[in-house]
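Reader: I am new to reading protein models, and I would like to understand how the words used for them are justified. Could we go through one together?

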Amino acid sequence: VEISQNNSFKPYLITGVTKKCPQNSSIKFNFLLPKFVSPEETADSEWWFNFSYHTFVLLNPKANAAKVVHKMKQVNETAAARANKIILEKYEIKEKVVFKLQPMQDLHLNTDFMAAQSGLTDGNNPTYSYILTGIALFILLIACINFINLTLARSIKRGKEIGVRKVVGSNRKQLVWQFMGESFLLSFLAFVLAIILGQLTLPTFNVLANKALSISYLFDAKLLVGYFLIFTVTSLLAGFYPALVLSGYSPVQTLYGRFTFMSKNYLQKSLVVLQFGLASFLIIVALSFYVQFDFLISKDLGYDDSNVIMVEKSDLTKQNVDIFKEQLLKNQNIVQVAPKNGENWEDVAKINGEQKFQFGYAIVDEGFLPLYKIPLVAGRNFSKDFPTDFRNSVLVNETFVKKANWKNPIGEVVDFAYGSTGKFQVVGVVKDYHYQSLN
């Protein structure tokens, strides 16, 4: 197999075939390449701080993780001592790099070290899990309270049944078991129905949510224990109080139709209030979600991406980009084409000679602003009429100008510290637009 590397193809020999990566894993790949570390990379160089790769470590079951981290720290302070000094001085980093171990199962829901970067996928924010779990528990609690209230409300109709059972010899304990059995039976039927509905609606949900979930994921030993506990607690919660109340009715009063609810049934009244309170809370949460999503959908991001398709292609030279753009524009259905680097890069620059601050930047050509309808508030756009634009011109946005305290930004100089060498002259000011998530 020939793989493109640095604008040339390099042949590789296939030495093995792995199983397909699991859907519920943060590690997914099409092929794996060996990583060879050269002597130059292990010397006193900046390679010590190349964090482009994840390093997976399999510890001995008897190993002490804290001691391993301590040894990693010792290696960093001895073998990489000179590299540390060079990096700290060159990039003016005040905090030292600290090496730690992260448990494998911590990858998916860790917000400090997200899995969705540097080759790993499907990282998530645990807040969403907590919110969805909370909503599910609220709904389940409302259903239990509703079941209690309905059972008590129907108890007038079942009064004679209870009276007859007591007359023919049933004691209170037997009646409690009867009503608890009814609660468990209804919970079991609801549980089975929920699984059936889940299986039927899962394909539609996967399409809407762009997921590939399977009902088989639910049949895990720990999860099955959790289902059993939820089922038991729900059945007890929904059936215990009605069973106590109904089994306590007097047979004489129920048979002669003289029994009524006690006017001071504070628990039942409290349950009704709690039920309405939880329902109101869920409605408020749902409205909040709606407002948030409406904001995300309708918020003016400062650009127009209507009818824009993004095509990803790596390792393109400027000449490749120009040829690709030229060929695309020959298609009558394509109106505009604008290249841009694939990620939002960050750098630090000197402003006004000494002042430094960090910012995000992108590499684009003269077609980028017109394609996204991003307006200029001062100066001009990049232009082929100015051949030097490619080498020493830069566009900045309004926030950059404010932070730099420029009165007249056109002609000012941005001295890139790390990412690019050389000084760039400001030729235009772009109106602020959102280039990252609204989070």
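Reader: What is the sign of phi at Asn 210, which follows H6?

Author: In this predicted model, helix H6 is followed by Asn 210, and the phi of Asn 210 is positive, near 55°.

Reader: Where in H6 does a kink lie?

Author: The kink, of about 45°, lies at Leu 202, shortly before the proline Pro 203. Leu 202 is also one of the buried residues of H6, among them Phe 179, Met 180 and Asn 206.

Reader: Why is the pair of Phe 184 and Phe 231 called edge-to-face?

Author: Two rings pair if their centres lie within 6.5 Å, and planes over 60 degrees apart count as edge-to-face. For Phe 184 and Phe 231 the values are 5.8 Å centre to centre and 80° between the planes, so both conditions are met. By this rule the count comes to 14 aromatic pairs.

Reader: What makes this pair a tie between parts of the chain?

Author: Phe 184 lies in helix H6 (residues 172-209), whereas Phe 231 lies in helix H7 (residues 221-247), so the pair ties together parts that are 47 residues apart in sequence.

Reader: Are Phe 184 and Phe 231 buried or partly exposed?

Author: Buried means under 20% relative accessible area, and partly exposed lies between that and 50%. Phe 231, with 18%, is therefore buried, whereas Phe 184, with 26%, is partly exposed.

Reader: How do you know that Phe 359 and Phe 400 form an edge-to-face pair?

Author: Their centres are 5.5 Å apart and their planes stand at 75°, so the pair satisfies the cut-offs of 6.5 Å and 60 degrees. The pair links distant parts of the chain, with Phe 359 in strand S4 (residues 355-361) and Phe 400 in helix H13 (residues 398-404), 41 residues apart. Phe 359 counts as buried at 11% relative accessibility, and Phe 400 is buried with 10%. Both belong to one aromatic cluster, which also includes Trp 345, Phe 357, Tyr 361 and Trp 406.

Reader: Why is Asn 76 called buried?

Author: The relative accessibility of Asn 76 is 8%, which is under the 20% limit, and therefore Asn 76 counts as buried. Asn 76 has its place in helix H2 (residues 65-78), and, not counting residues up to four places away in sequence, Asn 76 touches Ala 81, Asn 84, Val 97 and Phe 99.

Technical notes. Residues are numbered from 1 along each chain as its sequence is written. This is a predicted model: local features need pLDDT of at least 70, side-chain atom pairs count only at pLDDT 80 or more; totals for chains, interfaces and linings use all residues. Side-chain values use heavy atoms; hydrogens and water are left out. Rings of Phe, Tyr and Trp (its six-membered ring) pair if their centres lie within 6.5 Å; planes under 30 degrees apart count as stacked, over 60 as edge-to-face and the rest as tilted. Helices (H or I, at least four residues) and strands (E, at least two) are DSSP runs, numbered from the N terminus. Buried means under 20% relative accessible area, exposed over 50%, partly exposed in between (1.4 Å probe, protein chains only). Contact means heavy atoms within 4.5 Å. The bend at a residue is the angle between axes fitted to the seven residues ending there and the seven starting there.
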